[in-house]
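Me: I have a new structure open and would like to learn how to read it. Could you walk me through some features?

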Amino acid sequence: MSEKKYGGLQYWLDKKFVVFANWAVTHTNLVLIIFIALAVAAVLLAARVTKDTSVDAYFNPADPAFKHYKDYQHEFNSDETIYIVYSTGNNSVFNLDTMKKIDDLTHAIEKEVPFVRKATSLANVETIEARDDDIVIQRMNDMPFDQDAIDHLRKFTMANPLYVGSLVSSDEKYGAIFVKMTLNSTDPIEKLRFDPHGGNHLDNVYPQVSNNKLHEILARSEYQDLKIMLTGDVPWNSTHSQTINRDLDIITAATLAFAAVLCMVLFRGRPLGLIVPISVVLLGIVMTVAIMGAMDYQITLMFVPLPTLMCAVGV
């Protein structure tokens, strides 16, 4: 009964593997040449693989909730922001020196940070007032930049609940710059590139390219006396992608190191007991990436656990 069950495809494969194993043992030099050729070809194909660091890989494009979210973005633009909170250590942010710096910083962010749609601060917030029969709309940078104008802005701003708690704290010790972006982290990678021909490395894609430029601006000497805290989608998503990118290398290296120690213990310190299993696992990882390169697949955030899993299973 058991002999009858053993047959068909399984029996045929077993016979073929026996023939292949005998051939490999009797042609070791040829097998080594083929192995080296496959390894070189795999490395060349793996080098073609590009990375997609956007969080779009987490979502199914056909998911109804995700489609509604993309429709919302199409109608109302990006909902991603940068929120910059600042203070000077003074009792109030409504002083001439601070306002001049915030005006310069707001202009620098709008002009220099990639993918910024609008930056709003106390220096350019709109004041809408009724004067006699007219409605007067002004911005701070449209008025004479002196302490009297700042005092007028303070009086108007602190009486407006739309600005208190968003652009200035109720105790006047903290101010904020609210930055709206033109892109979303869930956009296709082609839209996220700063340089269309610069590849998909982190420093060339949104939000990293925006976050890096923002930090470069904030590091300038004229803003060093401002105590600045950053939050919002851009800093968070940028840190998230950078952390995953860094941890992928660290975790993979740590897993290989642990596997190497385990192999040395189990094989009683024999070099082949270390070299052979680790080489097979590394070649498996390279071959996997090579197949992705041959099929024009991209490495996304969902690829992150794979090398560690292959190390754990393969060794």
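Reply: Gladly; we will take the sheet, a helix, the core and one residue in turn. Keep in mind that this is a predicted model.

Me: Let's begin with the sheet. In what order do the strands of the open sheet lie?

Reply: To read a sheet, follow the pairing from one strand to the next. Here four strands form an open sheet in the order β2-β5-β1-β6, and the pairing is antiparallel. β2 and β6 are the edge strands, each with pairing on one side only. From one strand to the next, the twist averages 20 degrees.

Me: How many bridges join β2 to β5?

Reply: Four bridges join these antiparallel strands. To see one of them, find Val-116, whose bridge partner in β5 is Met-181.

Me: Which helices should I look for against the sheet?

Reply: Try α5, which lies across β1, β2 and β5 and runs at about 170 degrees to β2. Helix α9, residues 233-266, also packs on the sheet; α9 touches β1, β5 and β6, and its direction makes about 75 degrees with that of β6.

Me: Now a single helix. Why do the buried residues of α6 line one face?

Reply: The general idea is that an α-helix has 3.6 residues a turn, so residues three or four places apart point the same way. In α6, the buried residues are Ala-149, Ile-150, Leu-153, Phe-156 and Thr-157. Seen down the axis of α6, they fall within an arc of 125 degrees, so they line one face of the helix. Asp-148 and Lys-155, on the other side of α6, are exposed.

Me: What about the core?

Reply: In soluble globular proteins, nonpolar side chains tend to be buried together. The largest nonpolar core in this model has 38 residues, and Ile-109, Leu-122, Ile-177, Val-179 and Met-181 have the most contacts inside it. Among the elements that each supply at least two residues of this core are β1, β5 and α6. The largest share, five residues, comes from α5. There is also a second, separate core of seven residues, including Leu-256 and Val-281.

Me: Finally, a single residue. Where is Thr-231 placed, and is Thr-231 buried or exposed?

Reply: Thr-231 sits in strand β6, residues 227-232. Buried would need a relative accessibility under 20%, and exposed one over 50%. Thr-231 is at 42%, so it counts as partly exposed.

Me: Which residues does Thr-231 touch, leaving out those up to four places away in sequence?

Reply: Thr-231 touches Ile-82 and Tyr-83. Thr-231 and Ile-82 are 149 residues apart along the chain, yet their C-alpha atoms are separated by 6.2 Å.

Note on methods:
Residues are numbered from 1 along each chain as its sequence is written. This is a predicted model: local features need pLDDT of at least 70, side-chain atom pairs count only at pLDDT 80 or more; totals for chains, interfaces and linings use all residues. Side-chain values use heavy atoms; hydrogens and water are left out. Buried means under 20% relative accessible area, exposed over 50%, partly exposed in between (1.4 Å probe, protein chains only). Contact means heavy atoms within 4.5 Å. A nonpolar core is a set of buried Ala, Val, Leu, Ile, Met, Phe, Trp, Tyr and Cys residues joined through side-chain atoms within 4.5 Å. Two strands pair if DSSP finds at least two bridges between them. Axes are lines fitted to C-alpha atoms, for helices over the stretch in contact, and angles run from 0 to 180 degrees between N-to-C directions. The arc is that of the directions from the helix axis to the C-beta atoms.
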